[in-house]
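Open the structure in your viewer and keep the sequence beside it. The tour below goes from one selection to the next and says what is found at each stop.

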Amino acid sequence: MLSEYLTHVGRINVYLDPNTTPHPKQVGDIPYSLPLVLDKNDPIVAVQRDDTLQVVIRCPPRIQNFDIKVPWKGLDFDSNLEQVVQCRYCSGKLASFFSCRDLPSANWQELMDCWACHVDFPAALAKNGGMPSFAPTKDMSYSGISFLLLHPNSLENSQSYEKDSSMYHCPSCQEQLGIQDKQDVPESVRLDKSCIMINGNRVHPSYVVTSELLTLRELNAVHKFCLTDQCNTLYIWCFTPYLPVTFFNSPNITASFPQSPVATIKTLYCYDPPDNLQGDDWQDITLTPSVFLEIKHLLELTTQSFPSSAQKFQHWYVGLLPRL
Ligand SMILES: [Zn+2]
């Protein structure tokens with residue numbers, strides 16, 4: 001079970017076990033932490049339903065936090081120090097670099113095409129030798145929203161993609177760690193931030209995927225996404241981009257996200273293509289098979305945190321993904 005703070009409407013929903021007795025009459029009677037600190041004496045109303053005792057608490061609305069935090073940005077690295085990249089699955093050393101710069105927005109190439117149509121811009125481009133290539137070097141990597149772009153010489157044994165493959169596999173455990181994009185510069189390898197550790201630290205894949213999803217959402221005004229590992233697809237609709245929640249009795253979730261409240265995005269997701277699946281309204285986010293499974297599992301786990309009557313909306317399931 002959980003409680004959720006609908007920041008924009010100023011309401012907290014608390015879903016308690018349906019057999020909870022006595023019914024709580026004030027905030028202090030709720031035996032779990034809430035996503036917002038409230039006066040313990042505030043009166044509340046509990047509504048008995050078949051599958052939950054639901055408590056609705058009116059509270060101040062809050063301006064939503066639209067800052068999208070991206071894990072492992074260029075400035076997060078001290079360029080005087082060697083940064084060591086390891087495989088998240090087997091801890092094998094993958095690469096090292098010193099400095100890191102941020103790549104422009106995810107679809108900068110398309111934007112560049114637009115700008116290049118402007119009469120003044122080709123001159124500026126010509127003066128600077130054409131389009132910037134954002135090519136990593138042995139010591140300098142680039143940081144995208146969800147991946148690092150490294151020069152093959154930064155990698156252990158300079159091992160790049162396998163021949164005729166766009167997948168980068170860990171040389172030690174063979175787990176898939178990155179997927180090449182056709183617009184990447186030739187001398188580069190992508191490592192998915194979900195699949196690596198840097199200096200022994202890791203970032204939960206949910207943070208990486210939500211950063212990408214929220215960035216694309218803001219950039220392209222698209223709310224629906226096809227999460228795919230190129231064999232399987234989940235259709236996911238970002239319903240609420242910022243929803244603080246607290247989980248009760250959910251050890252599987254709180255083990256991964258011990259801080260409370262947990263900032264999440266609330267999604268609707270489904271397994272079969274929706275009837276209105278049209279190219280322009282949906283955007284693909286390609287994940288490695290392991291990350292895809294992890295995100296799918298997390299969505300299904302969070303669905304179970306809602307009472308059964310709140311788990312589905314038509315053919316969509318309600319799920320949460322923790323965000324930074
Ligand atoms: Zn490995």
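**Stop 1: helix H3**

Begin by selecting H3, in which Pro-205, Ser-206, Tyr-207, Val-208, Val-209, Thr-210, Ser-211, Glu-212, Leu-213, Leu-214 and Leu-216 are buried. Keep in mind that the model is a predicted one. H3 runs over residues 205-220. The helix has 16 residues and spans 22 Å from its first C-alpha to its last, close to the 22 Å expected at 1.5 Å a residue.

Next, show what surrounds the buried residues of H3. They pack against five strands and a helix that can be picked by number: S14 (224-228), S15 (233-247), S16 (262-270), S17 (282-286) and S19 (316-322), together with H5. Then step just past the end of H3 to Ala-221, which takes a positive phi of about 50°.

**Stop 2: where H3 meets H5**

Add helix H5, residues 289-303, to the selection. Two packed helices are described by the angle between their axes and the distance between the axes. For H3 and H5 the angle is about 90° and the axes are 10 Å apart. The two helices are therefore roughly perpendicular to each other.

To see the contact itself, select Pro-205, Ser-206 and Val-209 on H3, and Val-291, Glu-294, Ile-295 and Leu-298 on H5. Of the residues in this contact, five are nonpolar, one is polar and one is charged.

**Stop 3: strand S1 and its partners**

Go to the start of the chain and select strand S1, residues 2-6. Is S1 mostly covered or mostly uncovered? It is mostly covered, with four of its five residues buried.

S1 pairs with S15 in the antiparallel sense over three bridges. To find one of these places, select Leu-2, whose bridge partner in S15 is Phe-247. S1 also pairs with strand S2, residues 11-16, again in the antiparallel sense and over four bridges. Here, select Ser-3 and its bridge partner in S2, Val-14.

S1 and S2 form a hairpin with four residues between them. In the turn, Gly-10 has a positive phi of about 75°. His-8 also lies in the loop between S1 and S2. With 13 other C-beta atoms within 10 Å, His-8 is partly exposed. Now select Arg-62 as well: His-8 and Arg-62 are 54 residues apart in sequence, yet 5.9 Å apart in space, C-alpha to C-alpha.

**Stop 4: a sheet of three strands**

Select S6, S5 and S13, which make up an open sheet in the order S6-S5-S13, with antiparallel pairing. Which strands stand at the edges? They are S6 (93-97) and S13 (196-198), each with a single partner strand, so one side of each is left without a neighbour in the sheet. Neighbouring strands of this sheet are turned by 25° against each other on average, direction ignored.

S5 covers residues 83-87 and pairs with S6 over four bridges in the antiparallel sense. At one place to check, Gln-86 stands opposite Lys-93 in S6.

**Last stop: the whole protein**

Clear the selection and show everything. The protein contains five helices and 19 strands. Of its 324 residues, 32% are buried. Among contacts between residues at least 6 apart in sequence, 66% join residues at least 24 apart.

Terms used:
Residues are numbered from 1 along each chain as its sequence is written. This is a predicted model: local features need pLDDT of at least 70, side-chain atom pairs count only at pLDDT 80 or more; totals for chains, interfaces and linings use all residues. Axes are lines fitted to C-alpha atoms, for helices over the stretch in contact, and angles run from 0 to 180 degrees between N-to-C directions. Angles under 35 degrees count as roughly parallel, over 145 as roughly antiparallel, 65 to 115 as roughly perpendicular and the rest as oblique. Two residues are in contact if their C-beta atoms, placed from the backbone, lie within 7 Å. Ala, Val, Leu, Ile, Met, Phe, Trp, Tyr, Cys and Pro count as nonpolar, Asp, Glu, Lys and Arg as charged, and the others, Gly among them, as polar. Two strands pair if DSSP finds at least two bridges between them. The expected span of a helix is 1.5 Å times one less than its number of residues. A residue is buried if 20 or more other C-beta atoms lie within 10 Å of its own, exposed if 12 or fewer, and partly exposed in between; C-beta atoms are placed from the backbone.
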